[in-house]
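The exercises below each set a task and then work through a solution step by step. Please keep the sequence and the structure in view while reading.

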Amino acid sequence: MTTSADTDVPDRRAVREFARHLFGVYTAGGLTMMIDLGHRTGLFEAAARGPATSAELAERAGLQERYVREWLGAMVTGGIMTYDDGRYALPAAHAAALTGPGSKNMAPMAAMVPLLGRNLDAIAEVFRDGGGLPYSAFAPDFTGVMDQLNRRPLDELLVDAWLPLVPGLTERLTAGARVADVGCGTGHAMVLLAKAFPASTFTGYDIAEDALDHARAEAAAEGLTNVRFERADAAAFRPTESVDVAFAIDAVHDQVDPAAVLRGIHDALVPGGRFVMVDMAAETDLADNVGNPFAPWIYTISTLHCMTVSLAEGGAGLGAAWGRELAVRMLGEAGFGEVTVTPAPGQALNLVYATERPG
């Protein structure tokens, strides 16, 4: 006869297997911070130049050998670098994912872990008491980290890979259009588009003044006269002139009132105006995200940033995993027409939503 006490006793092998898995999770978190250090200090770029001893690598990077040697221990045992006869090497396939100016360089992403971890005590408090952490709790570093995460993919993909997903959009921008970017952050997307399409005019809107300062400085450095940036709450987006094209790149899901943001964008567009929204590659139902290798990351950054900055202002708290189904439904409720959803080429974490204001 089996008793309830018997069924409550876990299988020892299952416990051991889960404990190993759990320790792997903790180890990955620690290695993430080591990767961040390697990126910040230039160690990966130095290692990509060829095999070296710890002393040689430290000299290449202008760092202290003892720290470099201990860091190398983590890199070797963590499967990131190799070690043979006193020399350390960064395999070419690993260097492709950790160095260089392109979108395949994932090293800048590591900075999110220590950045979001700074607020764990405060996050635990809102778990108990409700509310959230305002955007200011993540300042000033969040702006720079997000800029580094987004800059490389935008450089490579925005004009050549993402715009062609929307039929006629490239031609419309080439001919000349009024364009808005809602939640533009540091404005790099608008700078890239302003350079690529000089006949169009571009305006980026964001509530973060430090990000806008960065955007204005970049536009000025490029000598662009067809782009400007304005401080505005996305939910109160009301341009003085209607726009032909609007963008929102990873900006809607953490808004206080995302429904109002989408309605405002709809109302700002001319009839037939196009809206391009780039957001996280997730489904709305948790069950549909099980097995998605990116889902744990999406839910984690949502808990530690995206959801809480909205709840801090009494907002909807959609979170980064609001998902395809809810996004399409909310676009329809805002008045948009048919929505096409496409995996973002070269950026597996994102989907590209394209729709228009009916004519």
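A pocket is an open set of grid points with protein on both sides within 12 Å along at least five of seven lines, and a lining residue has an atom within 4 Å of a point. The model used in these exercises is predicted.

**Exercise 1. Describe the second largest pocket by its volume, its lining and the classes of its lining residues.**

Solution. Begin with the volume: the second largest pocket holds about 860 Å³ of space. Next, look at what surrounds this space, where 25 residues form the lining, and A28, G29, T32, V113 and W297 are those that lie nearest the centre of the pocket. Then turn to the elements: α2 (12-41), α6 (92-98), α7 (112-117) and α15 (295-311) are those that give two or more residues to this lining, and the largest share, six residues, comes from α2. Finally, sort the lining by class, which gives 21 nonpolar residues, four polar residues and no charged ones.

**Exercise 2. Find the nonpolar surface patch that contains F23, and decide whether F23 is buried or exposed.**

Solution. First locate F23, which has its place in helix α2. Together with V25 and Y26, F23 forms a nonpolar patch on the surface, and the accessible area of these residues together is about 350 Å². To settle the second part, recall that exposed means over 50% relative accessible area; F23 has a value of 56% and is therefore exposed.

**Exercise 3. Examine the salt bridges R118 with D141, R329 with E333, and R216 with E209, and state where the partners of the first two pairs lie.**

Solution. Side chains of opposite charge can pair when their charged atoms come close. A search of the whole structure finds 16 salt bridges, and three of the pairs are followed here.

1. R118 and D141 meet through their side chains at 2.4 Å, N to O. R118 lies in the loop between α7 and α8 (120-129), whereas D141 lies in helix α9 (residues 141-162), so the pair ties together parts that are 23 residues apart in sequence. R118 is exposed at 52% relative accessible area, while D141, at 33%, is partly exposed.

2. R329 and E333 form a salt bridge at 4.0 Å, N to O. Both belong to helix α16 (residues 323-333), and because they are four residues apart there, about one helical turn separates them. R329 is partly exposed, with a relative accessible area of 47%, and E333 counts as exposed at 58%.

3. In the pair R216 and E209, the closest N and O atoms are 3.0 Å apart. R216 is partly exposed at 32% relative accessible area, and E209 is partly exposed at 33%. Salt bridges that share partners join E209, D213, R216 and R231 into one network.

**Exercise 4. How many cavities of 30 Å³ or more does a search of the whole structure find, and what lines them?**

Solution. The search finds two such cavities. The largest cavity holds about 60 Å³ of space, and its lining includes L149, N150, W162, I249 and D250. Helix α9 gives the largest share of this lining, five residues, and by class the lining has six nonpolar residues, three polar and one charged.

The second largest cavity holds about 40 Å³ of space, and L158, W162, L163, L169, F247, I249, V276 and V278 line it. At least two of these lining residues come from each of α9, β6 (243-249) and β7 (269-280). Sorting by class, one finds eight nonpolar residues, no polar ones and no charged ones in this lining.

Key:
Residues are numbered from 1 along each chain as its sequence is written. This is a predicted model: local features need pLDDT of at least 70, side-chain atom pairs count only at pLDDT 80 or more; totals for chains, interfaces and linings use all residues. Side-chain values use heavy atoms; hydrogens and water are left out. On a 1 Å grid over the protein atoms alone, a cavity is a set of points where a 1.4 Å probe fits but cannot get out, and a pocket is an open set with protein on both sides within 12 Å along at least five of seven lines; lining residues have an atom within 4 Å of a point. Grid points are joined across faces, edges and corners, and a volume is the space filled by probe spheres set on the points. Ala, Val, Leu, Ile, Met, Phe, Trp, Tyr, Cys and Pro count as nonpolar, Asp, Glu, Lys and Arg as charged, and the others, Gly among them, as polar. Patches are made of residues with over 30% relative accessible area and no salt bridge: like charges are joined within 9 Å, nonpolar side chains (Val, Leu, Ile, Met, Phe, Trp, Tyr) within 5 Å. Accessible areas come from the Shrake-Rupley method with a 1.4 Å probe; for residues, only the protein chains shown count as cover. Buried means under 20% relative accessible area, exposed over 50%, partly exposed in between (1.4 Å probe, protein chains only).
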